[in-house]
Amino acid sequence: MNLVIDIGNTRTKFSVFNHGEEMISVPVEELLPSHIEILLKEYPSIEKAIISSVKDYSPALKELLQKKLKKIIEMDEHTPLPIENCYKSKETLGKDRLAGVVGAFHLYPENNVLVIDAGTAITYDLVDENKQYLGGTISPGLEMRFKALNQFTGRLPLVERNENFNKLFGQTTGEAILGGVQNGLVFETDKVIDRFKEFYKNLYVIITGGNANFFDKKLKNSFFVHFNLIAIGLNRILEYNGEI
């Protein structure tokens, strides 16, 4: 069994995999050594772990994992991957973006896949049929767009997302912001997919991240939703490092 730990800026998620199948996935504000102790009692067959972190974490957590498990990988730009990373500034590439494309290629091997991660930022990343991660784009996410209109103007209110809003334009300032932000994001995403399809045929589109459900029935392009895509990618990276 494998333990996958994804430490983000605001939330941490740990998952347990058995032969490629995700057994559990648990979000926590902070992963503590006590969590690991409980987890290992529940799943004593866990032998390997991979940690992807965007910030420093407890040395005691690392020490416990090293003591309890046979193998630990702390993912960085030097970690061997089952795909070719063609990104030029590998040291600045988000580990979640890289894990996402690894997970995408694992799910749809030998295909062109566009991964859209709709979180704090929205990222569009491409892995092609030749197992090459070619790069992507980064754009402000949904909540960031709402906050920007409020914080960088004198009078515009802070508006929250409303998935039931389906008007082309608004007749109040709140509706106008909803239309601008939400329709704008939908139009952007559809156009990005259209452009990628012009250059990469038979393109699969995967949407992941906390706002993935926002796009349900809004995009004209078809897509798959995989909320656990990052964990799948990290587990595949861990498995790959056991194969080489």
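Which residues line the largest cavity? Let's start there, and keep in mind that this is a predicted model. The lining is made up of Asp96, Arg97, Gly100, Val101, Val115, Asp117, Thr123, Asp125 and Ile230. The volume of the largest cavity is about 30 Å³, and the count of cavities of 30 Å³ or more comes to one.

Where does that lining come from? Three elements each put in at least two residues: helix H3 (95-107), strand S7 (112-118) and strand S8 (121-127). H3 gives the most, with four residues. As for chemistry, four of the lining residues are charged, three are nonpolar and two are polar.

OK, on to the pockets. The largest pocket has a volume of about 1100 Å³. There are 33 residues in its lining, and the ones nearest the centre are Asp6, Gly8, Asn9, Asp96 and Asp117. You'll recognise Asp96 and Asp117, since both are also in the lining of the largest cavity. Strand S1 (2-7), S4, H3 and S8 each bring at least two residues to the lining of the largest pocket. Again H3 gives the most, and again with four residues. The lining of the largest pocket splits into 13 polar, 11 charged and nine nonpolar residues.

Then there's the second largest pocket, at about 160 Å³. Its lining includes the run Glu163, Asn164, Phe165, Asn166, Lys167 and Leu168, and further along Gln182, Asn183, Val186 and Phe187, with Phe214 and Lys218 as well. Here the split is five nonpolar, four polar and three charged.

Now, salt bridges. How many does the structure hold? The answer is 10, and I'll walk you through a few.

Take Glu47 and Lys70, whose side chains meet at 3.5 Å, N to O. Glu47 sits in the loop between helix H1 (33-42) and strand S4 (48-53), while Lys70 sits in the loop between helix H2 (59-68) and strand S5 (71-74), so this pair ties together parts that are 23 residues apart in sequence. Is Lys70 buried or exposed? Lys70 is exposed, at 70% relative accessible area, whereas Glu47 is partly exposed, at 37%.

Next up is Glu188 with Arg145, where the closest N and O atoms are 2.8 Å apart. This one also links distant parts of the chain: Glu188 belongs to helix H5 (residues 173-199) and Arg145 to helix H4 (residues 142-151), 43 residues apart. Arg145 has a relative accessibility of 16%, and the cut-off for buried is under 20%, so Arg145 counts as buried. Its partner Glu188 is partly exposed, with 21%.

For contrast, here's a pair within one helix. Arg195 and Glu198 form a salt bridge at 2.8 Å, N to O. They are three residues apart in H5, so about one helical turn separates them. Arg195 counts as partly exposed at 41% relative accessibility, and Glu198 as partly exposed at 43%.

Last one: Glu143, Arg161 and Glu163 are linked in a network of salt bridges. Glu163 brings us back to the pockets, since Glu163 is one of the residues lining the second largest pocket.

That's my tour, so over to you for questions.

Conventions:
Residues are numbered from 1 along each chain as its sequence is written. This is a predicted model: local features need pLDDT of at least 70, side-chain atom pairs count only at pLDDT 80 or more; totals for chains, interfaces and linings use all residues. Side-chain values use heavy atoms; hydrogens and water are left out. On a 1 Å grid over the protein atoms alone, a cavity is a set of points where a 1.4 Å probe fits but cannot get out, and a pocket is an open set with protein on both sides within 12 Å along at least five of seven lines; lining residues have an atom within 4 Å of a point. Grid points are joined across faces, edges and corners, and a volume is the space filled by probe spheres set on the points. Ala, Val, Leu, Ile, Met, Phe, Trp, Tyr, Cys and Pro count as nonpolar, Asp, Glu, Lys and Arg as charged, and the others, Gly among them, as polar. A salt bridge is a side-chain nitrogen of Lys or Arg within 4 Å of a carboxyl oxygen of Asp or Glu. Buried means under 20% relative accessible area, exposed over 50%, partly exposed in between (1.4 Å probe, protein chains only).
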